[in-house]
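These are my notebook entries on a protein with DNA, written while I went through the model. I began with the DNA and then turned to the protein itself.

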Amino acid sequence: MPELPEVETVRLSIQKNLIGSVITAIDIHQRKLRQKIPLNFKQKLLKQKIFAVHRRGKYLLISTSYGIIIIHLGMSGRLLVKDITPKRTKHEHVTMTLSNGKLLSLIDPRRFGLVLWIKTLNHPVLKKLGKEPLTKDFSHDYLYNAAQKRKITIKQLIMDNRIVAGIGNIYASEALFAAKIYPLTPANKLNSKQCQILVTKIKSILKSAIKNRGTTFRDYVDGSGMSGNFQKYLKVYGRENQPCKSCRTKLQNIKIGQRNTIYCLKCQNQGNESQPSL
DNA sequence: CGAAACTCCTGAGCGC
DNA sequence: TGCGCTCAGGAGTTTC
């Protein structure tokens, strides 16, 4: 499930093949994704040149000479740059032929992904997004202030893309473990120090995951089909009933907002007065 | 307004 | 071997 580090890894792996290329053909085999791919998608983008590939949260932004392609990989999405082959693979919903002889291909079995053409960055999908976690704007003051007004759990807060963009279930779970914060803690019960530690851990974990080219748990691969490495460093995600890497206590699983949340009962103290150490 | 429940979708994994 | 069931979950929508 691609979160910020996986999307960034895809971006880095596809950008060299895209920049400077012209889109010479577009084939849409399945329009029904999270939103329907508009009928004018092809007409807008045909013969346009690609200038840059950016990322915002979990969204990829491909800038062309006329507008921008927004791609979200949802749960099971893959965006591959590959050689042109005669037959299309299963669940290959959109392909774009490039002037350099490559094919940009979106494969998404569960169809939770998104492909849109937008004229400018001033679009509702992007405007709703919160802070970019690896920028200075995402500070402990910002998180603390955002948390003060909210009764939801801290895990739900950091997974809310309107607050901070790009953190999903894997990295939220890992960051809370690293910060020694109990995932069910109400957001407004966190003190300033805990926010500071949490922000620091979110940044360091995301950076480390990008360095390791993301987490391959099930489906995820980068733009060239290569798996990530960060799964080797996961401390809680996917480790229900296994011993905590820090204290050997059996890790617990709870549902928070319908999502599995693995945590250590001992390391992630339930008391607000706990003073997590760095 | 916030919060929680519900919705979309398909492959994998399971028991029988 | 294959059927039927459950689960995974990002983000939009609905309900209260």
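Which atom of DNA strand C lies 3.2 Å from a polar side-chain atom of Arg110? I looked this up and found a base nitrogen of that strand.

Before going further I noted the ground rules. The model is predicted, so I kept in mind that local features need pLDDT of at least 70 and side-chain atom pairs count only at pLDDT 80 or more, while totals for chains, interfaces and linings use all residues. Residues are numbered from 1 along each chain as its sequence is written, chains are lettered from A and ligands numbered from 1 in the order in which they are written, and side-chain values use heavy atoms, with hydrogens and water left out.

**Entry: DNA strand C**

I listed the surroundings of DNA strand C, taking a residue as near when one of its heavy atoms lies within 4 Å of the strand. There are 15 such residues, and His72, Asn161, Lys255, Arg259 and Asn260 come nearest. Of the atoms of DNA strand C that come within 4 Å of the protein, 60% belong to sugar and phosphate. For polar contacts I used pairs of N or O atoms within 3.5 Å; within protein, one atom must be able to donate a hydrogen and the other to accept it, and residues adjacent in sequence count only if both atoms are side-chain atoms. On that basis I noted Lys255, with a polar side-chain atom 2.6 Å from a phosphate oxygen of DNA strand C, and Asn169, where a side-chain N or O atom is 3.4 Å from a phosphate oxygen of this strand.

I then sorted the residues by type, with Ala, Val, Leu, Ile, Met, Phe, Trp, Tyr, Cys and Pro as nonpolar, Asp, Glu, Lys and Arg as charged, and the others, Gly among them, as polar. The surface near DNA strand C has six nonpolar, four polar and five charged residues.

**Entry: DNA strand B**

Around DNA strand B I found residues including Lys32, Lys90, His91, Arg110, Arg150, Lys151 and Gln258. This surface divides into three nonpolar, two polar and six charged residues. Sugar or phosphate supplies 61% of the atoms of DNA strand B within 4 Å of the protein, and bases supply the rest. Arg150 has a side-chain N or O atom 2.4 Å from a phosphate oxygen of DNA strand B, whereas Lys151 uses a backbone N or O atom, 2.6 Å from a phosphate oxygen. Arg110, already noted for its side chain at DNA strand C, also has a backbone N or O atom 3.5 Å from a sugar or linking oxygen of DNA strand B.

**Entry: Ser76**

From Arg110 I went on to Ser76, in the loop between β4 (68–72) and β5 (78–83); helices (H or I, at least four residues) and strands (E, at least two) are DSSP runs, numbered from the N terminus. Is Ser76 buried or exposed? I found it buried, at 2% relative accessible area, where buried means under 20%, exposed over 50% and partly exposed in between (1.4 Å probe, protein chains only). The side chain of Ser76 makes a polar contact of 2.6 Å with the side chain of Asp108 and reaches the backbone nitrogen of Arg110 at 3.0 Å.

**Entry: domains and helices**

Chain A is divided into domain 1 (4–127) and domain 2 (140–263), with bounds that come from an automatic or database domain assignment. Their contact (heavy atoms within 4.5 Å) takes 18 residues from domain 1 and 19 residues from domain 2.

In helix α4 (140–148) I found Leu143, Ala146 and Ala147 buried. Seen down the axis of α4, these residues fall within an arc of 100 degrees, so they line one face of the helix; the arc is that of the directions from the helix axis to the C-beta atoms. They pack against α5 (154–159) and α7 (192–211).

Helix α6 (169–178) is mostly covered, with nine of its ten residues buried. Among them are Asn169, Tyr171 and Phe177, and the covering elements include α1 (4–18), α5, α7 and β10 (259–263).

**Entry: Thr215**

Tyr171 led me to Thr215, in the loop between α7 and β9 (252–256). Thr215 counts as buried at 1% relative accessibility, and a polar contact of 2.7 Å joins its side chain to that of Tyr171.
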